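Let's take a walk through this protein together, one feature at a time. Keep the sequence and the 3D view open beside you as you read.

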Amino acid sequence: MIQSKVAGVGKYIPEKTVTNDELSQIMDTSDAWIQERTGIKERHYAKRYEESSTTLAYNAAKIAIERAGITAKDIDFIVFATITPDYYFPGCGVLLQRMFDMNEIPALDIRNQCSGFVYALSIADQFIKTGTYKNVLVIGAEVHSFGLDFSNAGRNITVIFGDGAGAIVLQPTEKPGQGVLSAHLHSDGKNAEILSMLNPGFHCGVWLPEDQKPVKSDKPYADVFINQEQIAKHDFYPQMDGQAVFKKAVEKFPEVIMEALTRNNLETSDLALLVPHQANLRICQFVQHKMKLRDDQIFVNIQKYGNTTAASIPIALCEAWEEGRIKEGDLVCLASFGSGFTWGSALIRW
Ligand code: ACO
């Protein structure tokens, strides 16, 4: 039976470090507030006018491809997860295909926010298992810093997010028990707007309550995607009800991790490493405590990078591997929760 194994991992973190103290120079916040609520000490920002999600992804992918012992010409499918794409369309997948001058392979873009990488991995896994592709490049990359609100109005979100990219190469293996054992994906759109960036968008206010509907324009075909009122109100930044997200995250993380373990007749004590989406240190600690995991069974690096959404799991996975925390035969669980809400897990025997 064909399974997919992780053949190579890579990450790229932009050079520029931004500390909490630096943020407190430009908005009303403090190192103490940020560390106490989120555990974050610093994050990295991409170089404006020089870098983008695709260029960060390129740097991460180069490393993953090299570590997999192949070249870019061997990649036969790209699955690219991001919520900060270079263009509204086309997606980053084709831009990456162009940067590498790859063959005319398919390139799929995934928009599942913090769960983007787990969704992307699950899709890649299916194509390997069916024997369709042999070297799939799975990417998570974000440049949040280009689209955050650096005024006080955005401080609850802005202090959390950072930029970066992670990549893996998935390949088939026939070694019994090795590779992706199972992946589990979920969504619940009841609270889709709780953590969202609504504009620019094509929604015309259809989902919004009466008091938030856009002012109707009498122009026949304009002012819908983004209008002057939204621009004047700076209504084009991410928004979040942090406490509602927290409550749901600490419920769904353990649930979806247990779903993966139970499906494979395994227990938390079998886990060598849980690599959760780095949403917030407090969420990771809550999950660790609830699941009774030892410190060496969970990987957390949000202190250095902040929350990098779709990039957080592949960056953490790569770093854990580089630090020697993942070895052949180890049972590794990836788990995510994020906007949508969407959540998921994947269990991998390394
Ligand atoms: N610095 C200083 N004060 C701030 C900041 C800031 N950066 N942001 C908000 N505040 C203030 C608020 O204005 C408010 O002040 P007030 O009491 O005078 O009105 C006060 O701090 C408390 O605000 P809350 O929004 O209630 O802050 P909370 O204690 O809930 O902490 C946080 C916010 C950290 C976002 C928390 O809700 C949380 O951890 N939520 C989980 C969501 C999360 O981690 N999201 C990450 C992205 S989603 C994902 O990846 C799953």
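**Salt bridges, sheet and core**

With a relative accessible area of 10%, Lys252 is buried, because the cut-off for that label is under 20%. Please keep in mind that this is a predicted model. Lys252 has a salt-bridge partner in Glu255, and their closest N and O atoms are 3.0 Å apart. Both residues sit in helix α8, three residues apart, which is about one turn of the helix. Is Glu255 buried or partly exposed? Glu255 counts as partly exposed, because its relative accessibility is 41% and that label covers values between 20% and 50%.

Helix α8 takes part in another salt bridge, this time through Lys248. Its partner is Asp188, with the closest N and O atoms 4.0 Å apart. This pair joins distant parts of the chain: Lys248 belongs to helix α8 (residues 242-263), while Asp188 lies in the loop between β8 and β9 (195-196), 60 residues away. Both Asp188 and Lys248 are buried.

Now look for Glu328 and Lys175, which form a salt bridge whose closest N and O atoms are 2.7 Å apart. Here, too, distant parts of the chain are linked, with the two positions 153 residues apart in numbering: Glu328 is in the loop between α11 (312-322) and β12 (331-338), and Lys175 is in the loop between β7 (164-173) and β8 (179-187). Glu328 counts as exposed, because its relative accessibility is 60% and the label applies over 50%. Lys175 is partly exposed, at 45%. Elsewhere, Lys11, Arg67 and Glu322 are connected in a network of salt bridges. How many salt bridges does a search of the whole structure find? The search finds twelve.

Next, step back to the domains. The chain is divided into domain 1 (3-173), domain 2 (179-191 + 240-349) and domain 3 (198-236). Between the C-alpha centres of domain 1 and domain 3 there are 29 Å.

Follow the strands next. An open sheet of five strands runs in the order β1-β7-β6-β4-β5, with mixed pairing. The edges are taken by β1 (3-12) and β5 (107-110); each has a single partner strand, so one side of each has no neighbour in the sheet. On average, neighbouring strands in this sheet are turned by 20° against each other, direction ignored. At the β5 edge, strand β4 (residues 77-81) pairs with β5 in the parallel sense over four bridges, and Ile78 stands opposite Ala107 in β5. Helix α4 (residues 92-100) lies across β4, β5 and β6 (136-142), and runs at about 130° to β4.

Finally, turn to the interior. The largest nonpolar core contains 34 residues, and those with the most contacts inside it are Val136, Ile168, Leu170, Val275, Leu317, Leu334 and Trp350. Which helix gives the most to this core? Helix α5 (residues 116-129) does, with seven residues. Domain 1 (3-173) and domain 2 (179-191 + 240-349) each supply at least three residues to this core. Val275 is a good place to zoom in. Setting aside neighbours within four places in sequence, Val275 is in contact with Phe299, Ile313, Ala316, Leu317, Val332, Cys333, Leu334 and Ala335.

Notes. Residues are numbered from 1 along each chain as its sequence is written. This is a predicted model: local features need pLDDT of at least 70, side-chain atom pairs count only at pLDDT 80 or more; totals for chains, interfaces and linings use all residues. Side-chain values use heavy atoms; hydrogens and water are left out. A nonpolar core is a set of buried Ala, Val, Leu, Ile, Met, Phe, Trp, Tyr and Cys residues joined through side-chain atoms within 4.5 Å. Buried means under 20% relative accessible area, exposed over 50%, partly exposed in between (1.4 Å probe, protein chains only). Domain bounds come from an automatic or database domain assignment. Contact means heavy atoms within 4.5 Å. A salt bridge is a side-chain nitrogen of Lys or Arg within 4 Å of a carboxyl oxygen of Asp or Glu. Two strands pair if DSSP finds at least two bridges between them. Axes are lines fitted to C-alpha atoms, for helices over the stretch in contact, and angles run from 0 to 180 degrees between N-to-C directions.
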